[in-house]
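Please open the model in your viewer and show the side chains, with the aromatic rings drawn so that their centres and planes can be judged by eye. The tour below goes from ring to ring.

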Amino acid sequence: MLKYTPDDYDARGQLRLPLSFWAILLLQARTWVLFVMAGASRQQGAALLELFYPDTHSFWLGLGLGGPAAVGLLLTGYRQRLPRLWLAWRWVLMATLAVMLVMQGVSLWQQEDQTSPLVLFVSLLDVLGLLALWRHRRLVDCFDPKQNQ
């Protein structure tokens with residue numbers, strides 16, 4: 001019995017990455033996306049970065065934590081050539097999301113002001129992304145070289 005339909009595979013015989021994977025990468029690389037948007041809007045770029053990241057330390061930290069997602073985006077084209085690295089990258093993405101959640105939790109715990117609903121929403125999305133990378137069957141199978149022959 002087939003686990004997935006033939007439409008779930010691409011021309012190379014690999015499982016197509018679900019939309020949730022792309023959403024997780026975009027969520028993890030949110031600082032990179034903002035950085036690119038700030039670069040595209042030349043005159044308002046600095047104001048845009050200042051709005052979302054008033055502290056430059058958190059901006060650089062966000063770029064660093066978004067790096068594995070950016071590399072993961074590049075690795076999607078090399079799934080068959082680098083199967084062990086691709087398999088390990090799922091764990092790298094999960095570890096990065098866990099670190100992001102811990103940092104958000106510490107930040108929320110230390111913050112004396114009222115918590116922003118946007119921060120709580122992003123934290124919830126990070127939790128959902130971590131759960132999807134950990135338990136979503138099709139997403140896990142996309143990282144398994146045996147399922148992508």
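Counting rings of Phe, Tyr and Trp (its six-membered ring) as a pair if their centres lie within 6.5 Å, one arrives at seven aromatic pairs. This is a predicted model, in which local features need pLDDT of at least 70 and side-chain atom pairs count only at pLDDT 80 or more, whereas totals for chains, interfaces and linings use all residues. Residues are numbered from 1 along each chain as its sequence is written, and side-chain values use heavy atoms, with hydrogens and water left out.

Select Phe 35 and Phe 59 to begin: their ring centres are 5.8 Å apart and their planes stand at 50°, so the pair is tilted (planes under 30 degrees apart count as stacked, over 60 as edge-to-face and the rest as tilted). Phe 35 belongs to helix α2 (residues 30–40) and Phe 59 to helix α4 (residues 56–75), so the contact ties together parts 24 residues apart in sequence; helices here are DSSP runs (H or I, at least four residues), numbered from the N terminus. Phe 35 is partly exposed at 39% relative accessible area, while Phe 59, at 9%, is buried (buried means under 20%, exposed over 50%, partly exposed in between, with a 1.4 Å probe and protein chains only).

Next, select Trp 86 and Phe 143, a stacked pair with 4.4 Å between centres and 15° between planes. Trp 86 sits in helix α5 (residues 83–110) and Phe 143 in the segment after α7 (137–142), 57 residues apart. Adding Phe 21 and Trp 22 to the selection shows a cluster of these four residues linked by ring pairs.

Methods
Helix = DSSP H or I, 4+ residues; strand = E, 2+ residues; numbered from the N terminus.
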